[in-house]
Amino acid sequence: MELRDLFEHSIVGTEEGTIIATARFNKEHPVYLGHFPGAPVTPGVCQLRLIRAIVSEVLGKPLVLGSARDIKFLSMHNPFDDEELSVEISYRQNGDAVEVNATLADGERKVLKLNGEYRDGYGL
């Protein structure tokens, strides 16, 4: 099993500068065996990878996180307890960069907030 098997997402809607999606993390993925045994928690870097995947898909190009002015992990995500997360992303192009504000949530409970900037990943 590879890291790309960790989650699946569906884009529910897009408008200029806004993306609404849902995501499910694969609770059987080996990453949860080590993070943490008996109390699985989705690593923050995997949550950030989800946001990058969604924005890259909508914009049709690979992106890398260039900077993050603010990342807040507000609560833990256990895929056995919270099977589906909602994803809300607002973005805007700023030259070569894509400025992103994103939230992952389980219902009303926010899991992650990101205020960052992605850059074109073609050159990497």
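Two strands pair if DSSP finds at least two bridges between them. With that in mind, welcome to this predicted model, where strand 4 (residues 85–94) and strand 5 run antiparallel and are joined by 9 bridges. Strand 5 covers residues 97–106 and is mostly covered, with 8 of its 10 residues buried. The points below go through strand pairing, salt bridges and the surroundings of one serine.

**Strand 5 and its partners**

- Within the pairing of strand 4 with strand 5, tyrosine 91 sits opposite valine 100.
- The hairpin that these two strands make has 2 residues between the strands, and glycine 95 there adopts a positive phi near 65 degrees.
- Strand 5 also pairs with strand 6 (residues 109–120); this pair is antiparallel too, and 10 bridges hold the place between them.
- Alanine 102 is found opposite leucine 114 of strand 6.
- For the hairpin of strand 5 and strand 6, again with 2 residues between the strands, glycine 107 is the residue with a positive phi near 65 degrees.
- As background, side chains in a regular strand alternate between the two faces of the sheet.

**Strands 1 and 2**

- Strand 1 (residues 7–15) runs antiparallel to strand 2, and 8 bridges join them.
- In this pair, glutamate 8 stands across from arginine 24 of strand 2.
- Glycine 17 takes a positive phi near 85 degrees in the hairpin of strand 1 and strand 2, which has 2 residues between the strands.

**Salt bridges**

- The model has 7 salt bridges, counting a side-chain nitrogen of Lys or Arg within 4 Å of a carboxyl oxygen of Asp or Glu.
- One of them links glutamate 84 to arginine 24, whose closest N and O atoms are 3.7 Å apart.
- Glutamate 84 is in the loop between strand 3 (63–73) and strand 4, while arginine 24 belongs to strand 2 (residues 18–25), so this pair ties together parts that are 60 residues apart in sequence.
- Both partners are partly exposed: glutamate 84 has a relative accessible area of 38%, and arginine 24 has one of 35%.
- The same two residues belong to a salt-bridge network that links Arg24, Lys27, Glu83 and Glu84.
- Arginine 109 and aspartate 106 also form a salt bridge through their side chains, at 3.6 Å from N to O.
- Arginine 109 is partly exposed at a relative accessible area of 29%, and aspartate 106 is partly exposed as well, at 24%.
- Glutamate 117 pairs with arginine 119 in a salt bridge, with the closest N and O atoms 2.8 Å apart.
- Glutamate 117 counts as buried because its relative accessibility is 13%, and buried means under 20%.
- Its partner, arginine 119, is partly exposed at 37% relative accessibility.

**Around serine 86**

- Serine 86 is part of strand 4, and its relative accessible area of 28% makes it partly exposed.
- Beyond its neighbours within four places in sequence, serine 86 is in contact with Ala21, Thr103, Leu104 and Ala105.
- Serine 86 and histidine 9 are 77 residues apart in sequence, yet their C-alpha atoms are 9.6 Å apart in space.

Key
Residues numbered from 1 in each chain as written. Predicted model: local features only at pLDDT ≥ 70, side-chain atom pairs only at ≥ 80, totals over all residues. Heavy atoms only, no water. Buried < 20%, exposed > 50% of the residue type's maximum accessible area, 1.4 Å probe, protein only. Helix = DSSP H or I, 4+ residues; strand = E, 2+ residues; numbered from the N terminus. Contact = heavy atoms within 4.5 Å.
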